[in-house]
Amino acid sequence: MNPRTVGAAILGMALAGPAMAASPIPSTTATTTYHRTEVDGVGIFYREAGPKDAPTIVLLHGFPSSSRGYSTLIPLLATRYHVIAPDFPGFGQSDAPSPAAYRYTFDHLAGTIDALLAQLEITRYTLYLFD
């Protein structure tokens, strides 16, 4: 089993709690939507699914990956959660500004994601990330 599959299984068990059903959860990518918005002058791509009034889970990808790595997990979580999975600047379908125009530091990447979530009016969320 690869690390992503293990991580998804662990997250699923943790979120489901003790009442986790033995049957598979219905999954579809039909409800995942794809968006681009500008955050501090950088085009940011993100995937979104699930009811907007449900608790939010923000899925952050590692290096060198993108939110595409969560494409099979998003529909599973979206049955009960509002899911946001952005691509960091320089990754996936987000803009890749030159290092002279954008500081590719952990602090700056975190600030960009924080600004994205503020723009989306998401103030309370759970983070899930891997690298």
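# A walk through the fold, starting from its salt bridges

Search the whole structure and you find two salt bridges. Keep in mind as you read that this is a predicted model. One of the bridges joins the side chains of D95 and R36, with 2.7 Å from N to O. D95 sits in the loop between β4 and α3, while R36 belongs to strand β1 (residues 33–39), so this bridge ties together parts that are 59 residues apart in sequence. How buried or exposed are the two partners? D95 is partly exposed, at 32% relative accessible area, and R36 is partly exposed too, at 47%.

The other bridge brings together the side chains of E48 and K52, at 3.8 Å from N to O. Here the two ends sit in contrasting surroundings. E48 has a relative accessible area of 8%, so E48 counts as buried. K52, with 64% relative accessibility, counts as exposed.

Now step back to the overall layout. The protein has three helices and five strands, and starting at the N terminus the elements come in the order α-β-β-β-α-β-α-β. There are 131 residues, and 40% of them count as buried. The accessible surface comes to about 7,800 Å², with 58% of that belonging to carbon and sulfur atoms. As for how the chain meets itself, take the contacts with a separation of 6 or more: residues 24 or more positions apart account for 70% of them.

Next, the inside. In soluble globular proteins, nonpolar side chains tend to be buried together. In this model the largest nonpolar core has 15 residues, and those with the most contacts inside it are I44, L60, I84, F88, I113, L116 and L117. Strands β2 (42–49) and β3, along with helix α3, each supply at least two residues of this core. Which element gives the most to it? That is α3, with four residues.

I84 is a good residue to click on if you want to see the packing around this core. Leaving aside residues up to four places away in sequence, I84 touches Y46, R47, E48, T56, I57, V58, L59, L117, L120 and I122. E48 in that list is the buried end of the salt bridge you met earlier. There is also a second, separate core of twelve residues, and I57, L59, L73 and V83 are among them. Two of the residues that I84 touches, I57 and L59, therefore appear in that second core.

On to the aromatics. How many aromatic pairs are there? The count comes to five. One of them is F63 with F91, an edge-to-face pair at 5.8 Å centre to centre with 85 degrees between the planes. F63 lies in the loop between β3 (56–60) and α2 (73–77), and F91 lies in the loop between β4 (82–86) and α3 (106–119), so the pair ties together parts that are 28 residues apart in sequence. The two rings differ in how much they show: F63 counts as exposed at 61% relative accessibility, whereas F91 is buried at 17%.

Y70 and Y128 make another edge-to-face pair, 5.9 Å centre to centre and 65 degrees between the planes. Because Y70 lies in the loop between β3 and α2 and Y128 in strand β5, this pair ties together parts that are 58 residues apart in sequence. Both partners are buried: Y70 has 2% relative accessibility, and Y128 has 17%. Ring pairs also bring in F130, linking Y70, Y128 and F130 into a cluster.

Strand β5 has a surface side to look at as well. Y125 is found in this strand, which covers residues 125–129, and Y125 is partly exposed at 32% relative accessible area. Together with L127 and L129, Y125 forms a nonpolar patch on the surface, with about 280 Å² of accessible area between the three.

Finally, follow the chain past β5 to D131, which lies in the segment after that strand. Is D131 buried or exposed? With a relative accessible area of 76%, D131 is exposed. Even so, D131 has contacts with residues far back in the sequence: not counting residues up to four places away, D131 touches G62 and F63. F63 is the exposed ring that pairs with F91. D131 and L60 are 71 residues apart in sequence, yet their C-alpha atoms are 9.1 Å apart in space. L60, in turn, is one of the residues with the most contacts inside the largest core.

Technical notes
Residues are numbered from 1 along each chain as its sequence is written. This is a predicted model: local features need pLDDT of at least 70, side-chain atom pairs count only at pLDDT 80 or more; totals for chains, interfaces and linings use all residues. Side-chain values use heavy atoms; hydrogens and water are left out. Patches are made of residues with over 30% relative accessible area and no salt bridge: like charges are joined within 9 Å, nonpolar side chains (Val, Leu, Ile, Met, Phe, Trp, Tyr) within 5 Å. Accessible areas come from the Shrake-Rupley method with a 1.4 Å probe; for residues, only the protein chains shown count as cover. A salt bridge is a side-chain nitrogen of Lys or Arg within 4 Å of a carboxyl oxygen of Asp or Glu. Buried means under 20% relative accessible area, exposed over 50%, partly exposed in between (1.4 Å probe, protein chains only). Rings of Phe, Tyr and Trp (its six-membered ring) pair if their centres lie within 6.5 Å; planes under 30 degrees apart count as stacked, over 60 as edge-to-face and the rest as tilted. A nonpolar core is a set of buried Ala, Val, Leu, Ile, Met, Phe, Trp, Tyr and Cys residues joined through side-chain atoms within 4.5 Å. Contact means heavy atoms within 4.5 Å.
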